[in-house]
Amino acid sequence: MKQIAVYPGTFDPITNAHIDLVQRGLRFYDKIILAVAHNPEKSPLFTVQERVKMAKDALKHLPGVMVEDFDGLLVEYCLKRNAKMIIRGLRAVSDFEYEFQMALMNRRLAPEVETIFMMPNEIYSYLSSRLVKEIARLGGSVKGLVPPQIELELHKKFRKEKK
């Protein structure tokens, strides 16, 4: 039986830290579904369709990875996709409290779905989509923080914003 994991997030935009977790997660799972959350509460810079397209482009070189969007309860999405594992990234202790709370609530809602926490490679331990957007918005270089095609999309988005 294939082992399927879901890696959920807003991915606004996907970063090299996200890609690092997917690559390392493939050591343990046959298939990883990168699940792009609608989550309008976060006021994303990119639309869901743009985020899905960018993630697909950034991950197309990795066999066993699928990218989809989802709305609603994560555990319901996992059950529909026959995934028994949720992958969550932890950068620092400050991430842990929120992620721990979410993992316990998900377990209460669907005990058959577990959560695994992964830490990014230390070179990405400080990296977040929020920081990437802030740097790009202010005209700084995000080279090495995101794939080249994402860097181009950020520059296009912020050029439009300035007009």
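In this predicted model, the largest nonpolar core brings together 36 residues, and those with the most contacts inside it are Tyr 7, Ile 14, Leu 34, Leu 59 and Leu 154. Two or more residues of this core come from each of β1 (4–9), α1 (16–25), β2 (31–37), α2 (48–59), β3 (65–70), β4 (85–89), α5 (129–137) and α6 (148–162). Helix α2 provides the largest share, with six residues. Such an arrangement is a familiar theme: in soluble globular proteins, nonpolar side chains tend to be buried together.

Tyr 7 offers a good starting point for a closer look at the core. With a relative accessibility of 4%, Tyr 7 counts as buried. Leaving aside residues up to four places away in sequence, Tyr 7 touches His 18, Leu 21, Val 22, Ile 32, Ile 33, Leu 34, Ala 35 and Ile 87. A second, separate core has 14 residues, among them Ala 35, Cys 78, Ile 86 and Val 113.

Aromatic rings come next. The structure holds four aromatic pairs. In one of them, the ring centres of Tyr 7 and Phe 11 are 5.2 Å apart and the ring planes stand at 85 degrees, so this pair is edge-to-face. Phe 11, like its partner, is buried, at 4% relative accessibility.

Phe 11 also draws attention through its backbone. This residue lies in the loop between β1 and α1, and its phi is positive, at about 50 degrees, although Phe 11 is not a glycine. The loop between β1 and α1 also contains Pro 13, which is joined to Asp 12 by a cis peptide bond with omega at about 0 degrees. As background, most residues other than glycine have a negative phi, and most peptide bonds are trans. A positive phi is found again at Asn 82, where the value is near 60 degrees. Asn 82 sits in the loop between α3 and β4 and is partly exposed, with a relative accessible area of 41%.

Helix α3 (residues 74–80) is the place of Val 75, a residue that counts as buried because its relative accessibility is 3%. Not counting residues up to four places away in sequence, the contacts of Val 75 are Ile 86, Asn 106, Leu 109 and Ala 110. Ile 86 also belongs to the second core. Val 75 and Pro 111 are 36 residues apart along the chain, and their C-alpha atoms are separated by 9.4 Å.

The surface has a nonpolar feature of its own. Phe 96, Phe 100, Leu 104 and Phe 117 form a nonpolar patch there, and together these residues have about 330 Å² of accessible area. Helix α4 gives the most to this patch, with three residues. Phe 117 belongs to strand β5 (residues 114–118) and, at 30% relative accessibility, counts as partly exposed. Ring pairs also link Phe 96, Phe 100 and Phe 117 into a cluster.

Helix α4 (residues 93–109) holds a charged residue too, Asp 95. Is Asp 95 buried or exposed? At 16% relative accessibility, Asp 95 counts as buried, since the cut-off for that class is under 20%. Apart from residues up to four places away in sequence, Asp 95 touches Gly 89 and Leu 90.

Methods
Residues are numbered from 1 along each chain as its sequence is written. This is a predicted model: local features need pLDDT of at least 70, side-chain atom pairs count only at pLDDT 80 or more; totals for chains, interfaces and linings use all residues. Side-chain values use heavy atoms; hydrogens and water are left out. A nonpolar core is a set of buried Ala, Val, Leu, Ile, Met, Phe, Trp, Tyr and Cys residues joined through side-chain atoms within 4.5 Å. Buried means under 20% relative accessible area, exposed over 50%, partly exposed in between (1.4 Å probe, protein chains only). Helices (H or I, at least four residues) and strands (E, at least two) are DSSP runs, numbered from the N terminus. Contact means heavy atoms within 4.5 Å. Patches are made of residues with over 30% relative accessible area and no salt bridge: like charges are joined within 9 Å, nonpolar side chains (Val, Leu, Ile, Met, Phe, Trp, Tyr) within 5 Å. Accessible areas come from the Shrake-Rupley method with a 1.4 Å probe; for residues, only the protein chains shown count as cover. A salt bridge is a side-chain nitrogen of Lys or Arg within 4 Å of a carboxyl oxygen of Asp or Glu. Rings of Phe, Tyr and Trp (its six-membered ring) pair if their centres lie within 6.5 Å; planes under 30 degrees apart count as stacked, over 60 as edge-to-face and the rest as tilted.
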